[in-house]
Amino acid sequence: METEISNNQVSGEEEKMSKSLKKFLLIVNGAMLAIGNCGGPLIQRLYFLKGGKGVWISSFLQTAGWPFIIFPLFVSYLYRRRKKGSRAKLFYISPHLFLACAVIGVLTGLDDFLAAYGVSLLPVTTSALIIATQLGFTAGFAYILVKQKFTPFTINAIFLLSIGAVVLVLHASSDRPAHETDKQYFMGFFMTLGASALYGFVLPLIELTYKKAKQTITYTLVMEMQMVLSFFATAFCTIGMLLHKDFATIPGEARDFELGRAKYYVVMVFTAVFWQFFFMGAVGVVFCHSSLLSGIIIATLLPVTETLAVLFYHEKFRVEKGISLVLSLWGFISYFHGELQQNKKLRIRLQN
């Protein structure tokens with residue numbers, strides 16, 4: 001858990017160990033991002049399909065799983081305590097980073113509300129394809145904020161993934177629920193698009209925070225930052241719930257939930273778990289690689305989410321969704337082929 005981003009020179013053995021651990025963490029966080037990205041929207045939509053009506057409740061649940069991070073942080077502290085004794089710090093996060101995470105957390109809370117509003121009105125297949133536009137926003141903001149460099153393979157991947165999303169957008173109106181008005185549909189559409197743009201800004205902003213931090217960034221610190229970020233996002237949504245008096249409606253919603261009272265609370269718990277996997281995985285990928293890769297993984301998983309929505313909610317799977325799946329996989333392969341080529345060139349340069 002002590003993988004570092006540091007400008008200090010390290011020995012070849014330590015560097016090798018650091019790279020190996022970082023690759024492992026990238027795989028773990030990529031898996032968490034995949035689970036959360038696919039499971040989060042599905043179970044969030046289930047809440048609304050079976051009788052849930054609280055947009056602020058759904059927003060709250062997206063980051064309410066932050067206490068789960070306490071367990072790995074506690075394990076990390078015990079490990080440090082065993083190695084360093086009483087010299088081990090309880091927390092690494094500085095006041096500067098704490099404040100930065102608080103601001104990003106409020107932005108994330110707003111993003112949660114926009115996304116939940118969209119999911120409450122749109123099918124998963126439609127909301128997921130709109131979220132795929134996040135890749136374009138992420139690439140643009142990454143270029144502005146962190147001077148992200150683009151290789152031909154990266155540009156090709158962004159192009160293919162974006163085309164895959166556009167193919168779905170062209171047929172999005174065919175998925176509109178029959179009971180919704182044009183106003184509701186377009187409100188859901190633009191709220192989801194706003195969520196996509198805002199999170200496309202948040203990911204590079206997190207990467208910029210890592211780069212501007214006046215301390216060494218370790219994975220333990222990344223978890224601490226994510227816990228603070230999620231806490232403030234949850235606090236933002238809690239204020240919304242209080243103003244909207246949503247806490248008082250929870251017992252009534254549980255009683256009238258189509259799957260039963262007990263399953264209502266199960267859905268709430270798993271919503272929090274899946275979304276915490278998503279957010280922890282996203283910031284973990286940013287730490288291990290870049291905000292652009294995080295955006296590419298999210299976009300690549302779009303067809304998977306679409307397919308799962310068809311299987312579980314019997315939403316329509318049309319030809320364009322199959323085309324989008326092929327384009328997304330092609331884009332993903334293109335990106336990683338480019339990464340392999342870059343790493344190969346770097347190894348040759350270091351050897352010479």
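Select I206 to begin: leaving out residues up to four places away in sequence, I206 touches I104, L229, V283 and V286, where contact means heavy atoms within 4.5 Å. The model in the viewer is predicted, so that local features need pLDDT of at least 70 and side-chain atom pairs count only at pLDDT 80 or more, while totals for chains, interfaces and linings use all residues. Residues are numbered from 1 along each chain as its sequence is written, and side-chain values use heavy atoms, with hydrogens and water left out.

Next, widen the selection to the largest nonpolar core, which has 53 residues, and in which I206, Y210, I217, Y219, V222, M280 and F287 have the most contacts. Such a core is a set of buried Ala, Val, Leu, Ile, Met, Phe, Trp, Tyr and Cys residues joined through side-chain atoms within 4.5 Å, and buried means under 20% relative accessible area, with a 1.4 Å probe and protein chains only. Among the helices that each supply at least two residues of this core are α1 (12-49), α8 (182-212) and α11 (261-288), and α11 gives the most, with 10 residues; helices are DSSP runs (H or I, at least four residues), numbered from the N terminus. A second, separate core of 28 residues can be picked out through L61, A115, M241 and F257, which it includes.

Now select T138, found in helix α6. T138 is buried, with a relative accessible area of 0%, and, its neighbours within four places in sequence aside, T138 is in contact with G200, L203, P204, S291 and L292.

S291 and L292 lead on to α12, where both are buried; in α12, 10 of its 10 residues are buried. α6 and α12 pack at an angle of about 175°, with their axes 9 Å apart, the axes being lines fitted to C-alpha atoms over the stretch in contact and angles running from 0 to 180 degrees between N-to-C directions. The two helices α6 and α12 are therefore roughly antiparallel to each other, a term for angles over 145 degrees. To show this contact, select Q134, L135, T138, A139 and A142 of α6 together with S291, L292, G295, I296, I298 and A299 of α12.

Finally, turn to helix α3 (residues 70-84) and helix α9 (residues 219-244), which pack at an angle of about 145°, with their axes 10 Å apart. Their contact is made by I70, P72, L73, S76 and R80 of α3 and T220, M223, E224 and M227 of α9.

Notes. Buried < 20%, exposed > 50% of the residue type's maximum accessible area, 1.4 Å probe, protein only. Parallel < 35°, antiparallel > 145°, perpendicular 65-115°, else oblique.
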